[in-house]
Amino acid sequence: MNKLIERKTYLDQLAMWREEEMIKVVTGVRRCGKSTLFELYIEWLKADGVTDEQIISVNLEDADFSELLDHKKLHDYVKAHIQKGKWTYVFIDEIQNCTDYEKAIASLCLRKHLDIYITGLNAYMLSGELATKLTARYIEIDMLPLSFAEYSEAVKIPDKSERFNRYMNRGAFPYATRFVDNSLAHSQYLEGVYNTVLVKDVMTRGGLNDITRVKSIASFLASNVGSPVSIKKIADTLTSYGRPTSSAIVDIYLTALTDAYLFYKVNRYDIKGKVHLKSESKYYICDTGLRNMILGTTNKDIGHQIENIVYLELLRQGYTVNIGKSGRGTEVDFVAVRDRKTEYYQVSASVLDESTLERELAPLRQIKDNYPKFLVTLDDFTGDHDGIQQINLIEWLSEERPI
């Protein structure tokens, strides 16, 4: 049995909210490690003195719990196992499988000394009835596949550059690290994850009926990672391929793809005017290995791949991320905000060419505030460009940063 990969960033977040009267909702794309996170956290609780009797663990994809797919029975099951006079920790995996689950959760969260943790596959649950019934009483932890630091713990490739190349090209779904030396098995695993996400989490939960259309839109987004995308542009592209599609239909499919956490939509932000812009957004995929599987490529378009990796890492570290408009016709790749502090990131595979360096620095130089500014590259060189810090991506990803 393979040792579980420690997910320290997420474990620290769960521990931070321990025994607070808030529902902890762990969301994220299928197979990113949500169930395993619960296993790790339960181990941590037991090591801290929590007994087996204080833990209620239910996986609603397990046939053993099929009766609990009714919200009343789920509620009664948890209620019957509550330990009086002690904290009881409740873990419910794949909560969306339970009909009217929000009624059970809303009722349970009224009880004292009940610490509730749930996982879900779809962002809709946090914008629908659950959010309405639990107003200001839940926190969301958006989980992603492995960070490079976590991947490095699982994949024992001594050379860091080779390890990063494998991370970028094959991606970092936790279970896939078992196939690091078997490219066929790895590809088959990723294809299985992708098809399951599309059928179960995008098509079925989104109420869609055209798998060819959803695959076409997903492929378009994957090939345009890091590039401005509009709904009209996607509709026009599909129509030009002989599949007439309206902007309204594209919008529905885009929502389903982002609700399933397969893609993340990033809006543009006017740095000088301090307003969000409604013009073309950018989309990033949850895992670059999945992108390469969809497109059938490796070692291509490295600039956009590492941009995707930087975006995901900023999300892991708890930043709110936008694309930054810094001047007429110029953009900063990411405006990252956390704890009311702002940081700016520009990403480029290499800036060894002087003209490339100047082009990448220009948007950062147009920003007149004193917030930290970073130029992230794969170059070995690191240093200072008049206050703009050039950093190496692999070293930056390898750092241990507190929440």
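The second largest cavity is lined by Tyr151, Arg170, Gly171, Ala176, Thr177, Val180 and His186, where a cavity is a set of points, on a 1 Å grid over the protein atoms alone, at which a 1.4 Å probe fits but cannot get out, and lining residues have an atom within 4 Å of a point. It holds about 30 Å³ of space, a volume being the space filled by probe spheres set on the points, with grid points joined across faces, edges and corners. By class, this lining has 3 nonpolar, 3 polar and 1 charged residues, with Ala, Val, Leu, Ile, Met, Phe, Trp, Tyr, Cys and Pro counted as nonpolar, Asp, Glu, Lys and Arg as charged, and the others, Gly among them, as polar.

I should say that this is a predicted model, in which local features need pLDDT of at least 70 and side-chain atom pairs count only at pLDDT 80 or more, while totals for chains, interfaces and linings use all residues. Residues are numbered from 1 along each chain as its sequence is written, and side-chain values use heavy atoms, without hydrogens and water.

The search of the whole structure finds 2 cavities of 30 Å³ or more, and the largest has about 70 Å³ of space. Its lining includes Tyr167, Gly171, Ile309, Leu312 and Arg316, and the largest share, 3 residues, comes from α13, helices here being DSSP runs of H or I with at least four residues, and strands runs of E with at least two, numbered from the N terminus.

That brings us to helix α13, residues 302–316, which packs with helix α7, residues 160–170, at an angle of about 90°, the axes lying 10 Å apart. Axes are lines fitted to C-alpha atoms, for helices over the stretch in contact, and angles run from 0 to 180 degrees between N-to-C directions. The two helices α7 and α13 are therefore roughly perpendicular, a term for angles of 65 to 115 degrees. In this contact, meaning heavy atoms within 4.5 Å, α7 contributes Phe164, Tyr167, Met168 and Asn169, and α13 contributes Ile302, Gln305, Ile306, Ile309 and Arg316.

Finally, two loop residues. Arg31, between β1 and α2, has a phi near 70°, positive in a residue other than glycine, and is partly exposed at 44% relative accessible area, whereas Tyr261, between α11 and β6, has a positive phi of about 60° and counts as buried at 4%. Buried means under 20% relative accessible area, exposed over 50%, and partly exposed in between, with a 1.4 Å probe and protein chains only.

Terms used: Parallel < 35°, antiparallel > 145°, perpendicular 65-115°, else oblique. 1 Å grid on protein atoms, 1.4 Å probe; cavity = no way out; pocket = protein on both sides within 12 Å on 5 of 7 lines; lining within 4 Å.
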